[in-house]
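Welcome! Have a look at the protein below, then work through the exercises at your own pace.

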Amino acid sequence: MSEAVADTVAGAVAQRFTELYGAEPHGVWAAPGRVNLIGEHTDYNDGFVMPFALPHKAVAAVSRRADGVLRLHSADVEGGVTELRLDDLSPESDKNWTAYPAGVVWALREAGHAVTGADIHLSSTVPSGAGLSSSAALEVVVALALNDLFSLDLRGWQLARLCQRAENVYVGAPVGIMDQTASACCEAGHALFLDTRDLSQRQIPFDLAAEGMRLLVVDTQVKHSHSEGEYGKRRAGCEKGAALLGVDALRDVPYAELDAALARLGDEEEVRRLVRHIVTENERVERVVSLLESGDTRAIGPILVEGHASLRDDFRISCPELDLVVDTALSSGALGARMTGGGFGGSAIVLAEETDVDAITKAVTEAFSAAGFTTPRVFEAVPSAGARRLR
Ligand code: GAF
C-alpha cells in the first residue's frame with residue numbers, strides 16, 4: 001500500500017469511527033494478513049516457518065477510555081456497536097467476531113498491562129476463512145493500537161505471543177505463533193524466516209518481480225475454521241509423537257535421524273505420518289532459505305511441490321480443490337505450487353514466471369469450472385509491510 005493509499009484508507013476508517021463514536025479517534029493502525037511460503041504446521045512443533053505479509057490489511061481506528069468499557073464495531077459484520085465491560089471479559093464466553101479484539105484486551109490485562117478501555121472501529125480487506133490470517137490481522141492491529149495508546153512498550157514478538165494467547169484461550173482455537181508473528185513482524189520485500197522455538201527471526205529478501213517471477217494466491221473459496229476439530233487433532237497427534245520419541249517437540253528430531261525415529265514408532269501409523277511431515281517440512285524450510293540466500297529463487301519451486309505432497313499424503317489436510325490448483329498450475333508451467341496455511345480449504349500459492357501467469361490463471365479457472373467447483377479468486381501476492389501506525 002503506497003503512503004497515499006494508506007492515508008486515504010486511514011482517513012475513511014477514521015471518519016467512520018467519528019460517525020460511530022462522536023469524536024475523532026486517537027489514532028489509526030494497520031496489520032496485514034499473510035501467506036506462508038513454506039513451513040506448514042511446524043509452528044506448534046517449535047519448528048521453522050517462512051511467511052510474508054500480504055497487502056491486505058485489517059485497519060483499526062481506536063481511542064483510549066478510562067472507564068473500564070470496551071466498545072467494538074466492524075465494517076465487515078452486520079450489526080451495531082458491541083459494548084462490553086472489561087471486568088466481564090472471560091475466555092470462551094463470546095463466540096462472535098468480537099472474541100478476537102476482546103480476547104486481545106483480555107490477554108493484555110491478564111498479563112498485567114494497564115488497559116482501561118477503548119473504542120474500536122475495524123475494517124479489513126483480508127479475506128476471511130481463506131487461510132490468509134484474517135484473525136491474526138484483527139488481533140495484531142488491536143494489540144498494536146493498545147500498545148501505543150497505553151504506552152506498553154511491547155515489541156512485535158511480544159504482541160504476537162499475547163495475540164496467540166487470546167486466540168488459544170479466549171477464542172478457543174489451538175493455533176501456533178506463525179500468523180501473529182508474521183502480521184506483527186514482516187517487512188516489505190522480504191519473507192520472514194522464523195524459528196518458532198525462541199522467535200528469533202531473519203528477514204530474507206524476496207522480490208520476485210525483480211527476477212521476472214510472480215507468486216499467485218489462489219483462494220479456492222472453500223472455507224475452513226481452526227476451532228473445528230481437525231487442526232487440533234493434528235496438533236495432538238504431533239504432541240503424542242514427541243512424547244513417544246522422548247523429545248520436547250518434534251523440532252528436536254533431526255532430519256538425519258528420521259528413519260530411526262519412524263522405526264521406533266512401530267505400528268503407530270498415523271503418528272508416523274505426522275512426524276514424517278514435520279521433520280521433512282523443517283528441512284524444506286532450511287533448504288528454501290539457503291536457496292533464496294544464494295539467489296537461486298527458481299530452485300525453490302520443486303520444494304514447494306514436495307511440501308504439498310507431504311501435506312496431502314502424510315498430514316492429510318489438503319482437499320480436492322487445493323490439489324486441483326497445484327496439479328493444474330504445474331501442468332500449465334508453474335515453477336512450484338502448494339497449499340498454504342492451516343488446510344482443509346483456504347488458499348494455494350503458485351510460483352510462476354511472469355510470462356506464464358495469464359495462462360496458469362486461465363487454466364486453473366477453467367479446471368475449477370469443469371470440476372463444478374466455485375470460481376476461485378486469484379491474485380498476486382507482493383511481500384508487504386507488517387503492522388504499523390498509519391496516523
Ligand atoms: C494456521 C495456524 F493459525 C498457524 O499457527 C499454523 O499452524 C498454520 O495454520 C499451519 O502452518 O494458520
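**Exercise 1: a bridge and its sheet**

Serine 63 has aspartate 119 of strand β6 as its bridge partner. This is a predicted model, in which local features need pLDDT of at least 70, side-chain atom pairs count only at pLDDT 80 or more, and totals for chains, interfaces and linings use all residues. Residues are numbered from 1 along each chain as its sequence is written.

Task: find how many bridges join β3 to β6, and which strands are the edges of the sheet.

Solution. Step 1: strands are DSSP runs of E with at least two residues, and helices are runs of H or I with at least four, numbered from the N terminus. Strands β3 (residues 51-64) and β6 (residues 118-124) run antiparallel and are joined by seven bridges. Step 2: two strands pair if DSSP finds at least two bridges between them. The open sheet has six strands in the order β5-β4-β6-β3-β1-β13, and the pairing is mixed. Step 3: β5 (82-85) and β13 (388-389) each pair on one side only, as edge strands.

**Exercise 2: two domains and a ligand**

Task: work out where the ligand lies relative to the domains.

Solution. Step 1: an automatic or database assignment sets the domain bounds. The protein is divided into domain 1 (3-205) and domain 2 (208-380). Their C-alpha centres lie 26 Å apart. The contact takes 28 residues from domain 1 and 36 residues from domain 2, where contact means C-beta atoms, placed from the backbone, within 7 Å. Step 2: a residue counts as near the ligand if its C-beta atom, placed from the backbone, lies within 6 Å of it. There are 12 residues around the ligand, and Glu40, His41, Val175, Gly176 and Gly342 come nearest. Step 3: both domain 1 and domain 2 give residues to this shell, so the ligand lies between them.

**Exercise 3: how confident is the model?**

Task: find which elements have the lowest and the highest mean pLDDT.

Solution. Step 1: pLDDT is the predictor's confidence in each residue, from 0 to 100. The protein averages 96, and 99% of the residues score at least 70. Step 2: among the elements, helix α1 (residues 3-21) has the lowest mean, 92, while strand β2 (residues 48-49) has the highest, 99. Step 3: for the model as a whole, the scores are ipTM 0.99 and pTM 0.97.

Methods: Contact = placed C-beta atoms within 7 Å.
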